[in-house]
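Reader: Please take one part of this model and go through it closely, then set it against the rest. I would like a helix, with the strands and the chain contact treated afterwards.

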Amino acid sequence: MSKSNLDLSRRRLILGALQGTGVLLLSGCEKMFNSLQGNKKFLSLLESGENATQSVQRLLTGKHKLAKEFTPQDISRTFKANGNSPPIATDYIADAARQWTSWRLEVGGLVKQPTRFSLGELRSLPSRSQITRHDCVEGWSAIAKWKGVPLAEIARRAQPTSDAKYVVFHCMDTDDDGSNYYESLDMVDANHPQTILAYEMNDRALPVEHGAPLRLRVETQLGYKHAKYIQKIEFVAGFKNIQKGKGGYWEDQGYEWYAGI
Amino acid sequence: MEPLVYRHNRVTRLTHWINTIALTILFMSGLQIFNAFPHLHWGSKAEPEEALVSISATNRHGDVRGYIEFLGHRIDTTGLLGVQLTESGPTARAFPSWITIPGYFWLAGGRRWHFFFGWLFAINGLLYFVYNLLNGHMRKFLFTPRDAAKVPAMMLYYLHLRRESPQDGEYNPLQKMAYTSVFVILTPLVLFSGMAMSPQLDVAFNWLPAMFGGRQSARSVHFILAFGFASFTFGHIFMVLATGMLNNMRSMVTGWYREKVPSHKEPPRAPAPSKLKLEEPPPAEEKRQPVSETTNSAVVQPPNPVTAKPETTDEKTPIGTATNTSTEEGKEAQQDVEK
């Protein structure tokens, strides 16, 4: 009797010790990983992977290969509208009530022809329709039909100077702290044939939760690059001086500027 | 004392340990990424009501319960998955903080780790593959139809239902099957399914998501393969512990492995009587044929020493496999130094 008790207590002791070691090890690991995550030098080492990914993926892709286009049967029943809530500014609500007749897309920056487009003018430009898959950085995908004007058409009219290296999209939606959403593309993605400024989703005017009146579709990139509620397009040489300088709202929070994976 | 033999070349050892780190971090940062959308789907898109697997939590008047739902069947997993007790009370979280990188919920951070170590894993794996393919080492554990025929016998041997091991090289048939499937199935599929989730690569290669049945299928396959790697790793570690941890660790750190020739049972000087017996009947002769083939080809290629496995210390010593070729091992060591 005493022997089995002893065995039992010894087993408990060993198991307890093992468990303790395990917990210590795991919490130690957790602390180590977390502190490494906070270390600027280590972080920039990790971030070097992004450059490798970008160069290799771009090398493999070429400039004019298209993302897969789906059939109307593939369109998602549910398409989540992530991101900020729709803009609550009175201007936005008033513009929406007037069917965007007083809204204008401003195109400027390093261009020879700064221009303003009404929604009607954008609709009269050459358009492209595509049924494509939207891939969120979180992991989900949804399919919808989009119609809009290719960004390349806008660029052709605005005539960016040779200094222009990026296109920045300034948006009307803000986060809880009041920071405006913004995004940027380089000229490779900006000139991709499937990169469009969409004003229609699934054959209807772009719904408010999906970025009315105008949103970006850039099918080579993850969802957070697809800026919604666009107000202004700016051609720039760099984006260091825009907001926190990383080229986009989520980029400023640590996400990759290159969102090809 | 048994001789030390040089078993693992320096490239194998280096890539092995880099791989250990890379796989651990890929697994843990992968779970962090999974936590951002803790559902698995099939096909191209993720309709919310069509999830195959969901790890989530319910909150009924402050009573937070974690669960995993598999094809409509819900299992309570409170304390393990779906919910974690934190300083601010129970928090919905698919995989708990101690198994994710970083430990707090941060998708962007998890992605940074995952892609950096993904590159490391791929380059490291390529280095191992090319080096050991060229020096002929990989052939030693290539699983062939001949090995497949021996799998039942090997299983019986492990289950102590068979006296003799069917092993005739450095690796037994089950080892070959495990290692070969890591190279031929797990690794290529985990890389392809990972790349299939990239919208940019999907533009370059439309067939990438298609080979899995869509991007969401690729994501599910990627997740399942991660657990395939985890189970292989646990099995691998178990075998390392079970067959002499210190000796195995030494060979993976220094390259040198102490051969365990069970001299008390089977003096290496004299041929084992049972081996002689094996040579006499014609059917056994046929069986031996491929063995000598491997030995012959090993002379041309870097040496293929038919060494005794750690299992040979077992009472049920496989007979006729303990050909000690320490001179050839020495050659391999020398060769490695030259490189």
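Author: What follows starts with one helix of chain B and then moves outward to the rest of the model.

The model is predicted. The part chosen is helix α5 of chain B, residues 173-195. This helix has 23 residues, and the distance from its first C-alpha to its last is 32 Å, close to the 33 Å expected at 1.5 Å a residue. The axis of α5(B) nevertheless has a kink of about 40°, centred on B:V182.

Burial in this helix can be listed residue by residue. B:P173, B:L174, B:Q175 and B:K176 are buried, and so are B:V190, B:F192, B:S193, B:G194 and B:M195. The cover over the buried residues of α5(B) includes α2, α4 (145-158), α6 (199-204), α7 (207-210) and α8 (215-242), which belong to chain B.

B:L191 also lies in helix α5 of chain B. This residue has 16 C-beta neighbours inside 10 Å and therefore counts as partly exposed, since a buried residue needs 20 or more and an exposed one has 12 or fewer. From B:L191 to B:V64 the C-alpha distance is 37 Å, with their positions 127 residues apart in sequence.

One of the covering helices, α2 of chain B, can be checked in the same terms as α5(B). Helix α2(B) runs over residues 107-134 and has 28 residues. Its end C-alpha atoms are 40 Å apart, and at 1.5 Å a residue the span should be 40 Å, so the two values agree. After α2(B) comes B:G136, with a positive phi near 85°.

The strands of chain B come next. Four of them form an open sheet in the order β2-β3-β4-β5, with antiparallel pairing. The edges are β2 (39-40) and β5 (73-76); each has a single partner strand, so one side of each has no neighbour in the sheet. Strand β4(B), residues 63-70, pairs with β5(B) in the antiparallel sense over 4 bridges. Within this pairing, B:Y67 has B:D76 of β5(B) as its bridge partner.

The loop between β4 and β5 of chain B contains B:L71. B:L71 has 7 other C-beta atoms within 10 Å and is exposed, because the limit for that class is 12 or fewer. The C-alpha atom of B:L71 is 44 Å from that of B:H137, and the two residues are 66 apart along the chain.

Taken as a whole, chain B has 12 helices and 8 strands. Of its 339 residues, 35% are buried. Among contacts in chain B with a separation of 6 or more, 63% are between residues 24 or more positions apart.

Chain A has 6 helices and 10 strands. Buried residues account for 40% of its 261 residues. Where contacts in chain A join residues at least 6 apart in sequence, 69% of them link residues at least 24 apart. The radius of gyration of chain A is 24 Å, whereas a compact globule of 261 residues would have one near 18 Å. The C-alpha trace of chain A spans about 90 × 40 × 40 Å along its principal axes.

Strand β1 of chain A, residues 104-109, gives a view of side-chain alternation. A:L105, A:V107 and A:G109 point to one face and are buried, while A:R104, A:E106 and A:G108 point to the other and are not. Strand β1(A) pairs with β2(A), residues 115-118, in the antiparallel sense over 4 bridges, and a hairpin of 5 residues joins the two. The pairing of β1(A) with β10(A), residues 230-236, is parallel and also has 4 bridges. A:E106 takes part in both pairings: its bridge partner in β2(A) is A:R116, and in β10(A) it stands opposite A:K232.

The last topic is the contact between the chains. Here 40 residues of chain A are in contact with 34 residues of chain B. On the chain A side, α1 (2-38), α2 (40-61), β3 (128-135) and β4 (141-150) each supply at least two residues. The largest share, 8 residues, comes from α2(A). By residue class, this side of chain A divides into 14 nonpolar, 16 polar and 10 charged residues.

How values were computed:
Residues are numbered from 1 along each chain as its sequence is written. Chains are lettered from A and ligands numbered from 1 in the order in which they are written. This is a predicted model: local features need pLDDT of at least 70, side-chain atom pairs count only at pLDDT 80 or more; totals for chains, interfaces and linings use all residues. Two residues are in contact if their C-beta atoms, placed from the backbone, lie within 7 Å. Ala, Val, Leu, Ile, Met, Phe, Trp, Tyr, Cys and Pro count as nonpolar, Asp, Glu, Lys and Arg as charged, and the others, Gly among them, as polar. Two strands pair if DSSP finds at least two bridges between them. The radius of gyration is taken over C-alpha atoms; the globule rule is 2.2 Å times the number of residues to the power 0.38. The expected span of a helix is 1.5 Å times one less than its number of residues. The bend at a residue is the angle between axes fitted to the seven residues ending there and the seven starting there.
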